[in-house]
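Trainee: Could you walk me through this model and explain how each label is earned?
Mentor: Happy to; let's put it up and begin.

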Amino acid sequence: FRYILVPANGAATDEGVFHAALAVARLAAAHLAFLHVRVDMRHTLLGMAGDDLAGGGYGGLVDSVQRDVEARQRRAQDAVTMFCARAQVALADGKPVCGPSAAWVVEAGDEAQCLITYGRIADLTVLGRGRDTHQAAQHLLEHVLLGTGRPLLIAPEHGGNSIGRRI
C-alpha cells in the first residue's frame, strides 16, 4: 500500500483511524491522504428551499450550519496536524521523506460519494466503525467497499499500532 485514504471528520473516532492508517503506512513508507468532506451548502440550501419556499427564517439557520461546518473542519485539520506532529509524519511540505508522508485534502459534497471517488485511486481506505451512529457507519462502510472496489480496513476504536502482526 503506497497511497492510503484516511477520512478526517473532526470526530472523537478519528484518532483510532489515524493510528491504524499510520501503522499500515509505516510498513511501506506510504502516503496518507487525510480527506475532510464538508457539507455542500448549495445542496443544503436547495433542499431547504424545496421544503418550504415561503419560509422566512432560513438566514439564521444557514449561518448556523455554516459555522458548524467551519468549526468541524477546523477540529479535523487541528487533529490531523497534531497527529502528524506527534507521529513525526511530514505533512504536505513537498519535501521527500524516507518514512510515511501526509496531505490534507478538503472536498465539499456527499461524504460517501467523495470517499468513493478518492478511494478508487487509493491502494487502501481506512474507516472507523463509528460510535454513535452505528447504522450510518455501516451504510458508509458498505458504500465505500462496494463503490471503490479497493481494499478497506476497518480500524479498531483504540490502538491499531500492531496491524499486520496478528489477526
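Trainee: In which sense do β3 and β4 pair, and over how many bridges?
Mentor: They pair in the parallel sense, over two bridges. Strands are DSSP runs of E with at least two residues, helices are runs of H or I with at least four, and both are numbered from the N terminus. Two strands count as paired if DSSP finds at least two bridges between them, and β3 and β4 have two bridges. In one bridge, Ala-90 has Ser-101 in β4 as its partner.

Before we go on, this is a predicted model: local features need pLDDT of at least 70, side-chain atom pairs count only at pLDDT 80 or more, and totals for chains, interfaces and linings use all residues. Residues are numbered from 1 along each chain as its sequence is written, and side-chain values use heavy atoms, with hydrogens and water left out.

Trainee: What makes β3 and β6 edge strands?
Mentor: Each of them pairs on one side only. The open sheet has six strands in the order β3-β4-β2-β1-β5-β6, with parallel pairing.

Trainee: Why is the contact between Glu-15 and Arg-86 called a salt bridge?
Mentor: The rule asks for a side-chain nitrogen of Lys or Arg within 4 Å of a carboxyl oxygen of Asp or Glu. Here the N to O distance is 2.9 Å, so the pair meets the rule. Glu-15 lies in helix α1 and Arg-86 in helix α3 (residues 58-87), so the salt bridge ties together parts that are 71 residues apart in sequence.

Trainee: How many salt bridges does the rule give?
Mentor: Two. The other joins Arg-150 and Asp-123, whose closest N and O atoms are 3.6 Å apart. Arg-150 sits in the loop between α5 and β6, Asp-123 in the loop between α4 and β5, 27 residues apart.

Trainee: Are Glu-15 and Arg-86 buried, partly exposed or exposed?
Mentor: Buried means under 20% relative accessible area, exposed over 50%, and partly exposed in between (1.4 Å probe, protein chains only). Glu-15 has 32%, so Glu-15 is partly exposed. Arg-86 has 52%, so Arg-86 counts as exposed.

Trainee: And how do you know that His-36 is buried?
Mentor: Its relative accessibility is 1%, so His-36 falls under the cut-off. His-36 lies in strand β2 (residues 31-38). The His-36 side chain reaches the backbone oxygen of Ala-8 at 2.7 Å. A polar contact is a pair of N or O atoms within 3.5 Å; within protein, one must be able to donate a hydrogen and the other to accept it, and residues adjacent in sequence count only if both atoms are side-chain atoms.

Trainee: What makes a group of residues a nonpolar core?
Mentor: The members are buried Ala, Val, Leu, Ile, Met, Phe, Trp, Tyr and Cys residues joined through side-chain atoms within 4.5 Å. The largest core here has 24 residues, and Ile-4, Val-6, Leu-32, Phe-34 and Val-126 have the most contacts inside it. Helix α1 gives the largest share, seven residues.

Trainee: How well does the reach of α1 match the expected span?
Mentor: The expected span is 1.5 Å times one less than the number of residues. Helix α1 (residues 14-28) has 15 residues and reaches 22 Å from its first C-alpha to its last, close to the 21 Å expected.
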